[in-house]
Amino acid sequence: MELKRQNHEFPPVYDENSEILILGSFVREVQRNAVFYGHPQNRFWKVMAQVLHENVPQTIPEKKEMLLRHHIALWDVIASCDIAGSSDSSIRNVVPNDLGYIISR
């Protein structure tokens, strides 16, 4: 599979009360066209809801509210990279997200 340049389009989710930071590497290929990790096959929200004893959020505002209610920040460490599909092992030419943006607040 060919490497393609991809940009991370989602801003971080956090506020001044965030105490836990969940980091991913880069958005999976099937997620890139779905807004805010919204692809139906994404298990993240189901797992988080179960761990937090919440209903599975359906909308972007519900997802953000659930995380922030539990003092959780969420972001990916890569701002842009060359990647083949969703293969983390293929990632090249990484430009990292500035995590200081979150952790210095």
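Okay, one definition before anything else: when I say two residues are in contact, I mean they have heavy atoms within 4.5 Å. Keep that in your head, because we'll use it right away for Ser90.

Also, please remember that what you see up there is a predicted model.

So, Ser90. Where does it sit? Ser90 is in the loop between β4, residues 78-83, and β5, residues 92-96. Let's put our definition to work: which residues does Ser90 contact, if we skip its neighbours within four places in sequence? The answer is Leu3, Asp82, Ile83 and Ala84. Ala84 deserves a second look, since its backbone nitrogen lies 2.9 Å from a polar atom of the Ser90 side chain. And is Ser90 buried or exposed? Buried means under 20% relative accessible area, and Ser90 comes in at 12%, so it counts as buried.

Okay, let's move to Ala79. This residue is in strand β4. Its relative accessible area is 19%, so Ala79 is buried too, going by that cut-off of 20%. Now here's a pair to find in the structure: Ala79 and His8. They're 71 residues apart in sequence, and yet their C-alpha atoms are 5.0 Å apart in space. His8 is also one of the residues Ala79 touches, once you leave out anything up to four places away in sequence. The others on that list are Gln6, Asn7, Phe26, Val95, Pro96 and Asn97.

Does that pair fit a wider pattern, or what do the contacts of the whole protein look like? Well, take contacts between residues at least 6 apart in sequence: 62% of them join residues at least 24 apart.

Now for the outside. Ile103 is in helix α3, which covers residues 100-103. What about its accessibility? Exposed means over 50%, and Ile103 has 61% relative accessibility, so it counts as exposed. Together with Leu21 and Leu23, Ile103 makes a nonpolar surface patch of about 260 Å².

Let's zoom out to finish. How many helices and strands are there? The protein has three helices and five strands. If you walk along from the N terminus, the elements go β-β-α-α-β-β-β-α. There are 105 residues, and 34% of them count as buried. As for the accessible surface, the total is about 6,700 Å², with 51% of that belonging to carbon and sulfur atoms.

That's my tour, thanks for listening!

Notes. Residues numbered from 1 in each chain as written. Predicted model: local features only at pLDDT ≥ 70, side-chain atom pairs only at ≥ 80, totals over all residues. Heavy atoms only, no water. Patch = residues over 30% accessible without salt bridge, like charges linked within 9 Å, V, L, I, M, F, W, Y side chains within 5 Å. Areas by Shrake-Rupley, 256 points an atom, 1.4 Å probe, with all protein chains shown as cover. Salt bridge = Lys/Arg side-chain N within 4 Å of Asp/Glu carboxyl O. Helix = DSSP H or I, 4+ residues; strand = E, 2+ residues; numbered from the N terminus. Buried < 20%, exposed > 50% of the residue type's maximum accessible area, 1.4 Å probe, protein only. Polar contact = N/O pair within 3.5 Å; in protein donor to acceptor, adjacent residues only side chain to side chain.
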